[in-house]
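Work through the exercises below with the model open. Each task is followed by a solution in steps.

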Amino acid sequence: MSTFRSAARTMCGIGLLSMMAVSAWSCAPTKQDEDLLTEPERNAAGAAVQSTSALAQTAGATSVVSTSQPPTAKPALATSGVAGCPVLTISPAEGTATFNVSLDFDGGCPLPDQTEPVCSGSTSGQIDFSTQHVNLTFQALSCDSAPSLDGTVDLNYSVADSSITLDGTWDLTFTTAEDQSRITGPGTVIFDTAAQVVTISQFEGQLTRGADTSNITVDSVVISLADNPSLTPSAGTIRLDGGLLRQFTIRFNENSPSTRVVEVSIFGLIFVPIDLDTFDL
């Protein structure tokens, strides 16, 4: 009888320990600390998140240029402009079918017909309305709290209803946490001017932060320009690898802009929640 009771107590103890283990697992914190990623990986992750805001900002500015109209005046060098802010100026490039264009946000104002985000800086370049091609150079473009950026785009565009599709090459430099980062490569970005939503359908190129360069692939990343000062994505993924990095993926969800929480997977394994504030933004 005593042996039976001893065995029963042992089995009960094992069951209790098992229940405690399950309970501890279920009560584990939903956010993990930055130890999941190495310091170079955290730095790259921060730059990668900010690079999507850079793509979104340039898409917004480029959409204003690509939906403008060429001057209709007779003189060969007639100039048309839109008063207010931002100031849009278009003039024929002598001897070509293209037009010189500039867009200046001066001290700060939103995109046309919008109330937010408030942007500053400027862009200038050329546009061919007949072939729907635009190349622009950006100077200190910044919207709300997103990093200021400089760089160039060389894009084909198409307009359907309120959506503008931009397809081509991006070369953008921006500053995060006192370090300069650069994203380069081809991609397709769609801007819905009515909903103020940017979708980075696909981008595959290089991300450089300081002396470190890695591969970056952006897939179906969605960024709302309204009520989203940091321009944090609300859907899609970013994959990074190469250089000092293991292959890892950052996944966004609809709550990421407000909670600042994303999910990270190393080598395609289980996704772990991580606070964006643990990245070097």
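**Exercise 1.** In which loop is the place of D106?

Solution. The model is a predicted one. D106 sits in the loop between β3 (99–104) and β4. Next, look at its backbone: phi of D106 is near 50 degrees, a positive value in a residue other than glycine. Most residues other than glycine have a negative phi. Last, classify its exposure. The cut-off for exposed is over 50% relative accessible area, and D106 counts as exposed because its relative accessibility is 62%.

**Exercise 2.** Find S220, state the element that holds it, and classify its exposure.

Solution. S220 belongs to strand β11. Its phi is positive, about 55 degrees, although S220 is not a glycine. With a relative accessible area of 37%, S220 is partly exposed.

**Exercise 3.** Trace the strand pairing that starts from β11.

Solution. Begin with strand β11 (residues 212–224), which runs antiparallel to strand β12 (residues 235–242) and is joined to it by six bridges. One pair to locate is N215 with its bridge partner D241 in β12. Then move on to strand β13 (residues 245–251): β12 pairs with it in the antiparallel sense over five bridges. Here I238 stands opposite I250 of β13. The hairpin of β12 and β13 has two residues between the strands, and G243 takes a positive phi near 65 degrees there.

**Exercise 4.** Is N228 buried or exposed? Describe its surroundings as well.

Solution. First place the residue: N228 is in the loop between β11 and β12. Buried means under 20% relative accessible area; N228 has 5%, so it is buried. Now list its surroundings. A polar atom of the N228 side chain lies 3.0 Å from the backbone oxygen of T232. Leaving aside neighbours within four places in sequence, N228 is in contact with I223 and P257.

**Exercise 5.** Which residues form a nonpolar patch on the surface with F267?

Solution. The patch consists of F267, L269 and I270, with about 370 Å² of accessible area together. To find it, go to the loop between β14 (261–266) and β15 (272–275), where F267 lies. F267 counts as exposed, because its relative accessibility is 52%.

**Exercise 6.** What is the form of the peptide bond from E116 to P117?

Solution. Omega is near -5 degrees, and the bond from E116 to P117 is cis. Most peptide bonds are trans. P117 lies in the loop between β4 (109–110) and β5 (118–128).

Conventions
Residues are numbered from 1 along each chain as its sequence is written. This is a predicted model: local features need pLDDT of at least 70, side-chain atom pairs count only at pLDDT 80 or more; totals for chains, interfaces and linings use all residues. Side-chain values use heavy atoms; hydrogens and water are left out. Two strands pair if DSSP finds at least two bridges between them. Helices (H or I, at least four residues) and strands (E, at least two) are DSSP runs, numbered from the N terminus. Buried means under 20% relative accessible area, exposed over 50%, partly exposed in between (1.4 Å probe, protein chains only). A polar contact is a pair of N or O atoms within 3.5 Å; within protein, one must be able to donate a hydrogen and the other to accept it, and residues adjacent in sequence count only if both atoms are side-chain atoms. Contact means heavy atoms within 4.5 Å. Patches are made of residues with over 30% relative accessible area and no salt bridge: like charges are joined within 9 Å, nonpolar side chains (Val, Leu, Ile, Met, Phe, Trp, Tyr) within 5 Å. Accessible areas come from the Shrake-Rupley method with a 1.4 Å probe; for residues, only the protein chains shown count as cover. A salt bridge is a side-chain nitrogen of Lys or Arg within 4 Å of a carboxyl oxygen of Asp or Glu.
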